[in-house]
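Good morning, everyone, and thank you for making time for this short presentation. Please have the sequence and the structure open while I talk, so that you can look up each residue as I name it.

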Amino acid sequence: MSYRFDTLAIHAGQPNDALTGAVVTPIYQTTTYAQNELGGQPDWCYSRTGNPGRAALEASLAALEGGGHGLAFASGLAAVNALLQTLSAGDHVVASQDLYGGCYRIFTKIFARFGVKFSLIDTTDVRNVARAITGATRLLWLETPSNPLLRLTDIEACCAIARQRGVRSVVDNTFATPVHQQPLALGADIVLHSTTKYIGGHCDVLGGALITSDDDLYADLKFVQNATGAVPGPQDCFLLLRGIKTLSLRVERHAANAQRLAEHLAAHPAVTRVIYPGLPSHPQHDLAKRQAAGFGAIVSVEFEGGVERIRSLIGQLRLWPLAESLGGVKSLLCHPATMTHAAVEPAERQRIGIGDGLVRLSVGIEDVRDLIEDLDAALERSAAAALRGREVRA
Ligand SMILES: *Cc1c(COP(=O)(O)O)cnc(C)c1O
């Protein structure tokens, strides 16, 4: 029997407890398990190797992405690390240049030291992918939509090229979520998640995941997971399974709010640019419609006035805390130039389009009218403050 997404989110990997009938997978807060005999092959022996809550989470994640196997990790970067640890010195990775900053850092500052080579390219143009693959390439690494500019990569076209050349492909599906985008069905070999974001969904747990239907790769990853040990604890797995149960309800509301907010801000006089794949003005709006069932809930906005205006705006907001991260029920505002992308040289930031006036909004599930009114009021007050500042200086 194959169930649909919303049913899988409640049931997959989470049968009623065999011992007690508990309808929620219990938290097995234990490190080890008594064994019946010497040299037996017990299902459970040590919690780094396996824990029932983690197994439930892994089965659930696999089902949501339509994959054969799931693996859960202590954070998104722990999942990234595990995948890279299946490579060897001399191997080559082709990756989107518009990459989550932590991935860029682990590529260039850690794995480069161990002899893994990286080419960071503009994957929004499929031809660049074909050109960048060499005889040493083992992995094509895509992130779409990208952060914070929400550029899209054609998953189906890029993964087809990789497959033709005998290269495995991974898609970081953190922003889109499996509710909106299913990379395995589009030809990817691996899906990566920071479950810290929408899958956990409440800004209260860190986690990461890899999902694949490739049995050999799964065996390698499972070996790395146990050998290097960056596994989530039982409480974290419980929270993530709880998050998954409402994932599609949340994402639906997140995205509806994001669309309303993006449309509102696009018509606002203090706004110079709104980037959201759900707006027809997004240069890849058609690709967004083709490869995803929705447009996500991250909206990037450029305000006039630069850093001073943003500083003043932040001081006036009541419903939009200034914070890193995204994907939780509570709306958050991030200023990439001074936060997530501060390590990128100012000239490079300008070149790729991350200006000082750019703000990334992670749109939560509050009443969108309150979110809009709060932003409007803060924009008005910050404009008045800027005007007063100018008068004082004059
Ligand atoms: C947050 C994030 C990561 C890293 O995940 P952590 O859970 O913070 O380690 C990787 N990729 C993307 C797209 C992210 O947003």
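I will go through two pairs of packed helices, then one loop, and then the surroundings of the ligand.

Before anything else, please keep in mind that this is a predicted model.

Let me begin with the helices. Two packed helices are described by the angle between their axes and the distance between those axes. For helix α2, residues 52-64, and helix α9, residues 234-245, the angle is about 30° and the axes are 9 Å apart. Angles under 35 degrees count as roughly parallel, and α2 and α9 are therefore roughly parallel to each other. The crossing in which α2 passes α9 is left-handed. If you want to find the contact on your screen, look on the α2 side for Gly53, Arg54, Ala56, Leu57, Ser60, Leu61 and Leu64, which meet Cys237, Leu240, Leu241 and Ile244 of α9. Sorted by character, the residues of this contact are 8 nonpolar, 2 polar and 1 charged.

The second pair is helix α3, residues 76-84, with helix α4, residues 101-110, and here the axes come within 10 Å and cross at roughly 35°. In this case α3 passes α4 in a right-handed crossing. From α3, the residues Leu77, Val80, Asn81 and Leu84 meet Gly102, Cys103, Arg105, Ile106 and Phe107 from α4, and the residues of the contact divide into 6 nonpolar, 2 polar and 1 charged.

Now to the loop between β4, residues 137-143, and α6, residues 155-164, where we find Pro145. As background, most peptide bonds are trans, and most residues other than glycine have a negative phi. In this loop, however, a cis peptide bond with omega about 0° joins Thr144 and Pro145. Pro148 has its place in the loop between β4 and α6 as well, and the bond joining Asn147 and Pro148 is a cis peptide bond, with omega about 0°. Leu150 also sits in that loop, and its phi is positive, near 55°.

Finally, which residues are around the ligand? Among them are Ser75, Gly76, Leu77, Tyr100, Glu143, Asp172, Thr196 and Lys197. In the side chain of Asp172, an N or O atom is 2.7 Å from a nitrogen atom of the ligand. Thr196 has a polar side-chain atom 2.7 Å from an oxygen atom of the ligand, and a polar side-chain atom of Lys197 likewise lies 2.7 Å from a ligand oxygen atom.

Key: Residues are numbered from 1 along each chain as its sequence is written. This is a predicted model: local features need pLDDT of at least 70, side-chain atom pairs count only at pLDDT 80 or more; totals for chains, interfaces and linings use all residues. Side-chain values use heavy atoms; hydrogens and water are left out. Axes are lines fitted to C-alpha atoms, for helices over the stretch in contact, and angles run from 0 to 180 degrees between N-to-C directions. Helices (H or I, at least four residues) and strands (E, at least two) are DSSP runs, numbered from the N terminus. Angles under 35 degrees count as roughly parallel, over 145 as roughly antiparallel, 65 to 115 as roughly perpendicular and the rest as oblique. A crossing is left-handed if the near helix is turned anticlockwise from the far one by less than a right angle, and right-handed if clockwise. Contact means heavy atoms within 4.5 Å. Ala, Val, Leu, Ile, Met, Phe, Trp, Tyr, Cys and Pro count as nonpolar, Asp, Glu, Lys and Arg as charged, and the others, Gly among them, as polar. A residue is near a molecule or strand if one of its heavy atoms lies within 4 Å of it. A polar contact is a pair of N or O atoms within 3.5 Å; within protein, one must be able to donate a hydrogen and the other to accept it, and residues adjacent in sequence count only if both atoms are side-chain atoms.
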